[in-house]
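Visitor: Hi, I have a structure to look at and I'm not sure where to begin. Could you walk me through it?

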Amino acid sequence: MSLLPTMHRAPPIFRQAPPTMHRAAARLPPARPGPWPRRALCGEAPALVRASGPGVARRLRGQAGVRPGFLSGPEEAALGQEVEPQLRRRRYQFDHWDGAIHGFRETEIAQWSEESREILQRVRDEAFPPGMSQLSLVHVLDLDKSGYIKPHIDSVKFCGCTIAGLSLLSSSVMRLVSEQNPEDWMDLLLPRRSLYILRGPARYEFTHEILKDEESFFDGQKIPRERRISVICRNLPILPAPT
Ligand code: OGA
Ligand code: MN
């Protein structure tokens with residue numbers, strides 16, 4: 001049985017806004033191009049990551065990463081064709097009461113074609129160690145061109161330590177902001193057809209968000225936001241042992 005039968009109408013069980021969000025907006029990178037420090041780089045694809053300082057870069061090394069070109073053009077098209085009919089049945093939601101996302105529709109898919117199964121297996125092999133229990137439903141989130149994801153942390157009750165997402169149709173900027181020290185941030189450039197992986201502190205100690213088109217800048221460069229579909233695999237939380 002699905003753990004997540006009614007997520008479209010029910011509370012946002014994938015996401016929870018942090019209890020208090022002290023957003024030191026002034027200390028985040030400016031939304032528009034401007035003179036801001038090109039400081040720390042990190043991870044395997046340094047050009048796709050910018051951090052507020054070397055401490056954050058060190059803390060998130062290996063915990064937040066982007067693999068550009070993870071999908072080929074035909075693979076992106078195949079996944080897109082497969083999710084489109086299921087998305088089309090739903091309406092975009094603007095100002096959804098949960099407040100975590102604006103301008104989106106979403107679904108979860110359990111049954112995939114052989115071709116997509118192979119792609120998703122590649123995602124799982126890249127993101128999760130062998131034997132880790134994973135959510136069998138794959139989350140598909142369709143953001144309208146004007147849509148965006150506000151800062152949140154995925155539910156610790158329903159999702160485990162790792163989030164792996166494919167980006168279809170549009171590049172975007174994902175911003176991580178430390179809950180403890182909002183001046184600590186990292187921006188990830190998520191090119192179209194890339195895979196990103198968040199784990200450990202990047203998943204638990206930092207909020208993540210997808211910037212709206214007007215604010216979609218990476219390292220001072222505009223990253224135009226088009227309609228974007230993400231295909232997200234997660235693992236299950238480790239449940240407390242039965243007593
Ligand atoms: C989410 C989320 C990111 C993405 O649905 O909780 O953060 O890549 N999605 O769509
Ligand atoms: Mn999330």
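**The metal site**

Guide: Let us begin with the manganese ion (ligand 2), whose protein donors are His152 (NE2), Asp154 (OD) and His208 (NE2), lying 2.1 Å from it. Please keep in mind that this is a predicted model.

Visitor: How are the donor residues of the manganese ion spaced in sequence?

Guide: The spacing of those donors is H-x1-D-x53-H. The two histidines link distant parts of the chain, since histidine 152 belongs to strand E5 and histidine 208 to strand E10, 56 residues apart.

Visitor: And are histidine 152 and histidine 208 buried or exposed?

Guide: Both histidine 152 and histidine 208 are buried.

Visitor: OK, cavities next. How many of 30 Å³ or more does the structure hold?

Guide: There are two of that size, and the largest cavity contains about 120 Å³ of space.

Visitor: Which residues lie nearest the centre of that largest one?

Guide: Of the 14 residues in its lining, those nearest the centre are Leu141, Ile149, Tyr196, His208 and Ile232, and His208 is also a donor to the manganese ion. The lining comprises seven nonpolar, three polar and four charged residues, with at least two residues supplied by each of strand E5 (138–154), strand E10 (206–210) and strand E13 (228–234).

Visitor: Switching to helix H2, where does H2 bend?

Guide: Helix H2, which runs over residues 73–88, bends by about 25 degrees at glutamate 82, and proline 85 follows within four residues. From first C-alpha to last, H2 reaches 22 Å, close to the 22 Å expected for its 16 residues.

Visitor: Which residues of H2 are buried?

Guide: The buried ones include Glu82, where the bend lies, and among the others are Ala78, Leu79, Val83 and Leu87.

Notes. Residues are numbered from 1 along each chain as its sequence is written. Chains are lettered from A and ligands numbered from 1 in the order in which they are written. This is a predicted model: local features need pLDDT of at least 70, side-chain atom pairs count only at pLDDT 80 or more; totals for chains, interfaces and linings use all residues. Side-chain values use heavy atoms; hydrogens and water are left out. On a 1 Å grid over the protein atoms alone, a cavity is a set of points where a 1.4 Å probe fits but cannot get out, and a pocket is an open set with protein on both sides within 12 Å along at least five of seven lines; lining residues have an atom within 4 Å of a point. Grid points are joined across faces, edges and corners, and a volume is the space filled by probe spheres set on the points. Ala, Val, Leu, Ile, Met, Phe, Trp, Tyr, Cys and Pro count as nonpolar, Asp, Glu, Lys and Arg as charged, and the others, Gly among them, as polar. Donors are N, O and S atoms within 2.8 Å of the metal (3.2 Å for Na, K and Ca); water is not among the atoms, so sites may look incomplete. Buried means under 20% relative accessible area, exposed over 50%, partly exposed in between (1.4 Å probe, protein chains only). The expected span of a helix is 1.5 Å times one less than its number of residues. The bend at a residue is the angle between axes fitted to the seven residues ending there and the seven starting there.
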